[in-house]
Amino acid sequence: MSEIPASSVPDAAEATQEGARFDARQIATLGAAMLGFFVVALDAQIVNVALPDIGASLGGGLSALQWVVTGYTLTFSALILFAGTLSDRLGARRAYAAGIVLFALASIACGLAPGMGPLVAARVVQGAGAALVTPTSLAIIREGFAEERQRTRAIGLWAVGGSVAAAAGPIIGGALTLVDWRLIFWVNLPVAALALLCVSRVAPSPQRRVPFDLAGQITAVVALGAFSYAVIESSRLGWSSPSILGLLLLAAAAGAGFLAAQARGRHPMVPLSLFRSRQLSIALAIAFTSMAAFYAVVFVQSLYFQDQRHHTPLATGLLFLPMTALVTVLSSYAATLVERFGRRSLITTGLLLQCAGLVIIAALPADVPVAVVSLSMVLVGGGGALTVPPIASLVLEGAPVEVAGTASGVLNTFRQLGGSLGVAGVGAVIAAHAQFMPGLRTGLIATVILLAVTALLSLTLTSDRSS
C-alpha cells in the first residue's frame, strides 16, 4: 500500500471531476509531486521481487535481504517527521529538490554496489531521500493550488499516482530483474531527472523558522535502529548473545531518552499529548499492525514464489498483480467507502480480511497451485487498503487542530515503522527455522494474532460515519 496523507483522500470520481483548468505552473507542480511520490512508492515495492537475484549475486543470506528492505523503510519512518520540519525551514520546493537529488544519488550507489554492505548503506540513504520527498511533494501541491476544488483534484491525482506505482512495482521489478537486478535502481534516474525539470518551474516556497527536536530525532533513530538490528540478527547470533542483549538495552535506553525528550522538550517532534486520545492511539496501533502484515507478505511471498516454487521474477510480479491491483482500486474510492459503511465497520472488516488471508496462506499445502496463493494474498492487500481511509479520518478527528499536521506525520511514521518491523520480525522467525515453510507459517500466524488483537480494539472505536 502506498503512502497517503492522513486526510481523507478524494475518490476517483471526485478527483477527476471537471473544474478550472490547471495553468502551466500548476501542471509543473502536479507533475513534480506525482513523479516524486511515484518513484518513492515504486521503490518500496520494486525491490522485493529482485531479492533472490540480489542474494545470489551479493550473498549474505536472509538477514542481509531483510536489511535491503528494512534499511529503506526504517530510515523512511525514522526521518519523515524530521523531514517535515526541514521542509518548513528550507521551503518545500528546495527541500523536495534536495530529496530527489539525494534519492537519485543513492539509486546510483545501489546500482553500482559491489557487495551487500554498500547496497544496504545506499538503501539507507535512499530512505532518507524518500522521507524528504514524501511530505514535500504534498506541500508543493498545497502551495500551488490555492482554490479548494483544484487542490482536491490535484491531491486525488497525486494519491492515485502512488497507488499505481505500488501496483506496477512488482511487475516492473520482475521484468527488469530478468535482464539485471541492478536495473531496478537505474530506472529511478530518468524519473528523478524529469521530476527535477518539473520542480524547476514551480514557484519558490516560503521559509519558516521552525525549531528542530535534535534530541528526539537522534534517540528515535538509535532506538529504532538498535531494535531492528537485534530482531533481524537474533536468528544468527541468538537472543542470549551479548551483542543482541546489548542492542536491546541500547534500544530501551534510547527509547526512554526519546520519551523524556518529548515530555520535557520545548518543541517535541511527537507531542505525547496526542496519545491521550484513545481513538488516536488505537488508530495508530491498527495502522502499525496492518502495514506490518502487508509488508511481511510482500517480502516472504516474493521469496516463496521464486525460491520455493522456482518462478521467474516476472512471473512473481504477475502473481502479485491481483493483490496490488485491488489495493489501487480500493484506494481510488476511499472516501466513498468510508461514507457508505462507516469507519469502524470498514476497519474491523479490513483487519479480519487480513487475518483470513494470512490463515489461508499459512494453511495451504506446499504444492498448491500458485494461483490459489496469489488469490489468497488479495485478502491481505484488500483488507489493508480498507483500513487506510478510516484510520486517516480518525487521526485527524482525534488530534487537536493545531497539531493536525504533526498527527499526519506520526500516522505515516507508524505505518512505515510497522512495515519495517513486519519484515524484520517475520524474516527473523523464518531464519530461526531449519526450513522455509515451517518458518513462514509460524511467522504468518504470529502476525494473525497481532491483527486479531487490533481487530478487537477496533470494536471500541466510534461508529460515526465520516461525512
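The following paragraphs lead from the overall fold of this chain to one helix pair, one pocket and one loop residue.

The model is a predicted one. Its secondary structure consists of 18 helices and zero strands. The radius of gyration of the protein chain is 21 Å, close to the 23 Å that the globule rule gives for 467 residues, so the chain is as compact as a globular protein of that length. The C-alpha trace spans about 60 × 50 × 45 Å along its principal axes. Of the 467 residues in the chain, 57% count as buried.

Within this helical fold, the pairing of α2 and α7 may be considered next. Helix α2 comprises residues 24–46 and helix α7 comprises residues 148–179; their axes come within 7 Å and cross at roughly 35°. The crossing of these two helices is right-handed. By class, the contact of α2 with α7 has 17 nonpolar and seven polar residues, and no charged residues. A41 offers a view of helix α2 at the level of a single residue, since this alanine is found in that helix. Is A41 buried or exposed? With a relative accessibility of 7%, A41 falls under the 20% cut-off and therefore counts as buried. The C-alpha atom of A41 is separated by 5.7 Å from that of G162, although the two residues are 121 residues apart along the chain.

Attention now turns to the empty space between the atoms. Rolling a probe the size of a water molecule over the atoms shows where such space is left. The second largest pocket has a volume of about 490 Å³. This pocket is lined by 19 residues, of which A220, L224, F258, F414 and L417 are the closest to its centre. Which helices each supply at least two residues of the lining? They are α4 (61–90), α10 (214–237), α11 (242–264) and α17 (404–431). In its composition by class, the lining of the second largest pocket has 16 nonpolar residues, three polar residues and no charged residues.

A final stop is the loop between α12 (278–308) and α13 (313–332), where H310 lies. The phi angle of H310 is near 60°, a positive value in a residue other than glycine. The relative accessible area of H310 is 65%, which is over the 50% cut-off, so this histidine is exposed. H310 in its loop is thus exposed, whereas A41 in helix α2 is buried.

Terms used
Residues numbered from 1 in each chain as written. Predicted model: local features only at pLDDT ≥ 70, side-chain atom pairs only at ≥ 80, totals over all residues. Heavy atoms only, no water. 1 Å grid on protein atoms, 1.4 Å probe; cavity = no way out; pocket = protein on both sides within 12 Å on 5 of 7 lines; lining within 4 Å. Points joined across faces, edges and corners; volume = space filled by probe spheres on them. Helix = DSSP H or I, 4+ residues; strand = E, 2+ residues; numbered from the N terminus. Nonpolar A, V, L, I, M, F, W, Y, C, P; charged D, E, K, R; others polar. Axes fitted to C-alpha atoms, helices over the stretch in contact; angles between N-to-C directions. Left-handed = near helix turned anticlockwise from the far one by under 90°. Rg over C-alpha atoms; globule rule 2.2 N^0.38 Å. Buried < 20%, exposed > 50% of the residue type's maximum accessible area, 1.4 Å probe, protein only.
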